[in-house]
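Thanks for coming. I have one chain to show today, and I will keep to a few places in it. Please look at the structure first.

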Amino acid sequence: MDKSVPPRATEPRIRRRDRHGRGMRGPVAPPQVPLAASRGEVFADLVQDSVERLERRWPQLADIEFLVQDVPYVKDTGGGPGELLSDETVPLGGTAAARDDLPARIVIYRRPVEIRTKSRDERAALVHEVVVEQVAELLGLSPDAVDPRYGED
């Protein structure tokens with residue numbers, strides 16, 4: 001009943017499969033393809049595209065800081081924990097005028113915009129509308145003056 005056990009190799013083996021035999025896990029797609037971009041990155045790209053489209057007409061937008069946040073901060077309305085906010089009270093974007101050392105800021109809220117759209121094209125159109133509206137508010141102009149094609153999509 002003496003069975004000799006072969007000695008173990010001193011060098012670690014290179015594992016080509018995981019312990020269940022299915023192979024090593026790795027990325028589904030290389031980082032260069034759009035699959036690897038997160039929803040937040042894709043949304044930020046939509047905002048940047050819209051800003052670049054407007055900067056051709058309004059060069060002063062280069063001095064404004066554009067931000068993307070997931071959700072807006074909603075102050076307590078004092079109605080208690082059971083109070084629900086309607087869709088009309090959830091902002092899609094916001095502005096902050098320049099003060100002290102801070103530049104003017106425009107914030108676009110990602111989740112409220114995503115919830116209201118079904119496709120990438122709808123999302124891009126709504127993002128552009130929100131950016132135009134916020135720029136118009138910050139500059140004290142009408143949205144039609146900021147982008148003549150506002151509301152046509």
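I will start with the chain as a whole, then take a helix pair, and then go through a handful of residues.

This is a predicted model, so please keep that in mind throughout. The chain has 153 residues, and 25% of them count as buried. Its accessible surface is about 12000 Å², with 50% of that belonging to carbon and sulfur atoms. The secondary structure amounts to 4 helices and 3 strands. In sequence order the pattern reads α-β-β-β-α-α-α. Taking the contacts with a separation of 6 or more, 60% come from residues 24 or more positions apart.

Now the helix pair. How are helix 1 and helix 3 placed relative to each other? Helix 1 covers residues 39-55 and helix 3 covers residues 120-139; they pack at an angle of about 50 degrees, and their axes are 9 Å apart. An angle of 50 degrees falls outside the parallel, antiparallel and perpendicular ranges, so the two helices are oblique to each other. Their crossing is right-handed.

On the helix 1 side, the residues that meet helix 3 are Val 42, Phe 43, Leu 46, Val 47, Ser 50, Val 51, Arg 53 and Leu 54. Their partners in helix 3 are Arg 120, Arg 123, Ala 124, Val 127, His 128, Val 131, Val 132 and Val 135. By class, that contact consists of 11 nonpolar, 2 polar and 3 charged residues.

One of the helix 3 residues in that list is His 128. Is His 128 buried or exposed? Its relative accessible area is 6%, and the cut-off for buried is under 20%, so His 128 is buried. Beyond four places in sequence, His 128 contacts Ser 50, Arg 53, Leu 54 and Asp 147. Ser 50, Arg 53 and Leu 54 are also on the helix 1 side of the helix pair.

Next, strand 3, beginning with Ile 108, which lies in that strand. Ile 108 has a relative accessible area of 0% and is buried. Which residues does Ile 108 touch, if those up to four places away are not counted? They are Phe 43, Val 47, Leu 67, Val 68, Gln 69, Leu 92, Gly 93, Val 130, Val 131 and Gln 134. Among them, Phe 43, Val 47 and Val 131 also take part in the contact of helix 1 with helix 3. Thr 95 is 13 residues from Ile 108 along the chain, and their C-alpha atoms are separated by 9.0 Å.

Gln 134, in helix 3, is buried as well, at 8% relative accessibility. Leaving out neighbours within four places, Gln 134 is in contact with Gly 93, Gly 94, Thr 95, Ile 106 and Ile 108.

Arg 105 is also in strand 3. At 29% relative accessibility, Arg 105 is partly exposed. From Arg 105 to Gln 134 is 29 residues in sequence and 9.6 Å in space, C-alpha to C-alpha. With residues up to four places away set aside, Arg 105 touches Ile 64, Glu 65, Leu 67, Gly 94, Thr 95 and Ala 96.

Last, a loop residue. Asp 100 sits between strand 2 (93-96) and strand 3 (105-109). Asp 100 is exposed, with a relative accessible area of 80%. Its phi is near 50 degrees, which is a positive value in a residue other than glycine.

That is the set I wanted to show.

How values were computed. Residues are numbered from 1 along each chain as its sequence is written. This is a predicted model: local features need pLDDT of at least 70, side-chain atom pairs count only at pLDDT 80 or more; totals for chains, interfaces and linings use all residues. Side-chain values use heavy atoms; hydrogens and water are left out. Axes are lines fitted to C-alpha atoms, for helices over the stretch in contact, and angles run from 0 to 180 degrees between N-to-C directions. Angles under 35 degrees count as roughly parallel, over 145 as roughly antiparallel, 65 to 115 as roughly perpendicular and the rest as oblique. A crossing is left-handed if the near helix is turned anticlockwise from the far one by less than a right angle, and right-handed if clockwise. Contact means heavy atoms within 4.5 Å. Ala, Val, Leu, Ile, Met, Phe, Trp, Tyr, Cys and Pro count as nonpolar, Asp, Glu, Lys and Arg as charged, and the others, Gly among them, as polar. Buried means under 20% relative accessible area, exposed over 50%, partly exposed in between (1.4 Å probe, protein chains only). Accessible areas come from the Shrake-Rupley method with a 1.4 Å probe; for residues, only the protein chains shown count as cover.
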